[in-house]
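The following exchange asks on what grounds certain structural labels are assigned. Each answer sets a computed value against the criterion that applies.

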Amino acid sequence: MAIKKSSKLSQAATLKQILKRCSSLGKKQHGYDHDHDGLLPVDVPKGHFAVYVGQNRSRYIVPISFLSHPEFQCLLQMAEEEFGFDHEMGLTLPCEEVFFRSLTSMIR
């Protein structure tokens, strides 16, 4: 039981880190609006965040609710291992666009 609780705490900490990182993306770039949580991209609605996918790093806006889905969490873990979460471009996911679109259509 302690292993599951520890794993859930670790996942919660990782999700908090992701959300914090997503809400602070691009502080040094133009096209961002002031918000009580910091600077947010103007084109990202509240309750969503931007991710970059595929070889061309295409940008997608996804709802925060995706963070609770196990398939999306697996993708986030792979992203953390491959890219980390501390870079200026934003949250980059290590998958092809076709896979990402298929995954997001199943989650919705």
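The questions below concern a predicted model.

Q: What makes up the chain in terms of helices and strands, and in which pattern do they follow one another?
A: The chain contains three helices and five strands. Along the sequence they are arranged as α-β-β-β-β-α-β-α. Of the 108 residues in the chain, 33% are buried.

Q: How do you know that the span of helix 2 agrees with its number of residues?
A: Helix 2 covers residues 70-82, which is 13 residues, and at 1.5 Å a residue it should span 18 Å. The expected span takes 1.5 Å times one less than the number of residues. The C-alpha atoms at the two ends of helix 2 are 18 Å apart, so the two values agree.

Q: Why are the buried residues of helix 2 said to line one face?
A: The buried residues of helix 2 are Phe72, Gln73, Leu75, Leu76 and Ala79. Viewed down the axis of helix 2, they fall within an arc of 160°, and therefore they line one face of the helix. Pro70, Glu81 and Glu82, on the other side of helix 2, are exposed. After helix 2 comes Gly84, which has a positive phi near 75°.

Q: What makes the buried residues of helix 3 a one-sided set?
A: Helix 3 comprises residues 97-107, and its residues Phe100, Leu103, Thr104 and Ile107 are buried. Seen down the helix 3 axis, these residues fall within an arc of 95°, so they line one face. The face turned away from this buried side carries Val98, Ser105 and Met106, which are exposed.

Q: Why is the pair of Phe49 and Phe72 called edge-to-face?
A: A search of the whole structure finds three aromatic pairs. In the pair of Phe49 and Phe72, the ring centres are 6.3 Å apart and the angle between the planes is 75°. Centres within 6.5 Å make a pair, and planes over 60 degrees apart count as edge-to-face, so both conditions are met. The pair links distant parts of the chain, with Phe49 in strand 3 (residues 48-53) and Phe72 in helix 2, 23 residues apart.

Q: How is the pair of Phe66 and Phe72 classified, and why?
A: The ring centres of Phe66 and Phe72 are 5.7 Å apart and their planes lie at 65°, so this pair is edge-to-face. Ring pairs join Phe49, Phe66 and Phe72 into a cluster.

Q: Are Phe49, Phe66 and Phe72 buried or exposed, and on what grounds?
A: A residue is buried when its relative accessible area is under 20%. Phe49 has 3% relative accessibility and therefore counts as buried. Phe66, with a relative accessible area of 3%, is buried. Phe72 has a value of 0% and is buried.

Q: Why does Ile64 count as partly exposed?
A: Partly exposed denotes a value between the buried limit of 20% and the exposed limit of 50%. The relative accessible area of Ile64 is 33%, so Ile64 is partly exposed. Ile64 is located in the loop between strand 4 (58-63) and helix 2. Its C-alpha atom is 5.0 Å from that of His48, and the two residues are 16 residues apart along the chain.

Q: How many disulfides are found, and how do Cys74 and Cys95 stand in accessibility?
A: The search of the whole structure finds zero disulfides. Cys74 has a relative accessible area of 41% and is therefore partly exposed. Cys95, at 12%, is buried.

Q: What makes strand 4 and strand 5 edge strands?
A: Three strands form an open sheet in the order 4-3-5, with mixed pairing. Strand 4 and strand 5 (91-93) are its edge strands, as each pairs on one side only. From one strand to the next the twist averages 40°.

Q: How do you know that strand 3 pairs with strand 4?
A: At least two bridges are needed for two strands to pair. Six bridges join strand 3 to strand 4, so the criterion is met, and the two strands run antiparallel. Among the bridge partners in strand 4, Val62 is that of Phe49, and Ile61 is that of Ala50. The hairpin of strand 3 and strand 4 has four residues between the strands, and in this hairpin Gly54 takes a positive phi near 85°.

Notes: Residues numbered from 1 in each chain as written. Predicted model: local features only at pLDDT ≥ 70, side-chain atom pairs only at ≥ 80, totals over all residues. Heavy atoms only, no water. Buried < 20%, exposed > 50% of the residue type's maximum accessible area, 1.4 Å probe, protein only. Arc of directions from axis to C-beta. Phe/Tyr/Trp six-rings, centres within 6.5 Å; stacked < 30°, edge-to-face > 60°. Disulfide = S-S within 2.5 Å. Axes fitted to C-alpha atoms, helices over the stretch in contact; angles between N-to-C directions.
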